[in-house]
Amino acid sequence: MNSTISSHHIPVVAVVDSNHAVTESLQALLRAEADYQVLTYNSPVQAIESLKLTPPDLIIVAFKMPEMNGLRLLGEIKKMYPDVPRVLLTDEADMECLIRGINEVGLFQYIQKPWNDAQLLLVIKNGLANKNLHRTLREKVHEIDKVLLQRDELFEAQNIM
């Protein structure tokens, strides 16, 4: 079990690439090397529809696909799930594309094809840890806000008396 996510939750990793060999290869790698629920899609449109029902914990998307490019798909995912780490899988390192990805869709990371298995697994592990850390931080900030509100209410009540 991945220690970065609660012990009751198996992380959901979604993979979207129009190439069946890529999605099958990544699915086999992720199932063999880690305890993840792996969702694979060969159509960005199908991925969007399916992910509305099953929120991913991390998503890996190919840049080049026939229906829409990976940046557009990641933009849609960002609207649905702003906290989900987004990883772009590219055939070549196109700096303009990567800069757009960082600025427009908040890429967590990009991986160049052919990928290195160990590097990809590390990116996923770090992405899930990052998401968990942000969630914990939001919860702590919320707790502090509640305590400060209670303190202010008590202070006000004492000043009224």
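## Helix α3 and what it packs against

Let's start in the middle of things: the buried residues of α3 pack against β1, α2, β3, β4 (86-90) and α4 (95-105). This is a predicted model, so read each contact here as a computed one. The helix itself covers residues 70-80, and its buried residues are G70, L71, L73, L74, G75 and I77.

At the N-terminal end, α3 wears a cap: a side-chain oxygen of N69 sits 2.9 Å from the backbone nitrogen of L71.

## The big core

Helix α3 also turns up in the largest nonpolar core, which has 25 residues. V16, L51, I59, L73 and L88 have the most contacts inside that core. Each of β1, β2, α2, β3, α3 and α4 supplies at least two of its residues, and α3 provides the largest share, with four.

If you want one residue to click on, try V16. Setting aside neighbours within four places in sequence, V16 is in contact with Y41, S43, P44, A47, I59, I60, V61, A62, M65 and L73. Apart from this core there is another one, of 19 residues, and L29, Y36, I111 and I124 are among them.

## Strand β1, covered on both faces

V16 belongs to β1, which takes in residues 12-16, and five of the five residues in that strand are buried. Look at either face and you find cover: V12, A14 and V16 are buried on one side, V13 and V15 on the other.

Strand β1 pairs in the parallel sense with β2 (residues 37-41) through five bridges, and V13 has V38 as its bridge partner there. To get from β1 to β2 the chain goes through helix α1 (residues 20-33), making a right-handed β-α-β crossover. Strand β1 also runs parallel to β3, with four bridges joining the two. Here V13 comes up again, standing opposite L58 in β3.

## D57, a buried acid

Next door in sequence to L58 is a residue worth a look. D57 lies in the loop between α2 (44-51) and β3 (58-62). Its relative accessibility is 8%, and because buried means under 20%, D57 counts as buried.

What does the D57 side chain meet there? It makes a polar contact of 2.6 Å with the side chain of H9. Leaving out neighbours within four places in sequence, D57 is in contact with H9, I10, P11, V12, V84, P85, L128 and K131. One of these, V12, is also a buried residue of β1.

## Zooming out

Now for the whole chain. Its secondary structure comes to five helices and five strands, and along the sequence they follow the pattern β-α-β-α-β-α-β-α-β-α. The radius of gyration is 19 Å, well over the 15 Å that the globule rule gives for 161 residues, so the chain is more spread out than a compact globule. Along its principal axes, the C-alpha trace spans about 70 × 35 × 30 Å.

Of the 161 residues, 40% are buried. As for contacts between residues at least 6 apart in sequence, 63% join residues at least 24 apart.

How values were computed: Residues numbered from 1 in each chain as written. Predicted model: local features only at pLDDT ≥ 70, side-chain atom pairs only at ≥ 80, totals over all residues. Heavy atoms only, no water. Buried < 20%, exposed > 50% of the residue type's maximum accessible area, 1.4 Å probe, protein only. Polar contact = N/O pair within 3.5 Å; in protein donor to acceptor, adjacent residues only side chain to side chain. Contact = heavy atoms within 4.5 Å. Pairing = 2+ DSSP bridges. Right-handed = clockwise from strand over helix to strand, strands pointing away. Core = buried A, V, L, I, M, F, W, Y, C linked by side-chain atoms within 4.5 Å. Rg over C-alpha atoms; globule rule 2.2 N^0.38 Å.
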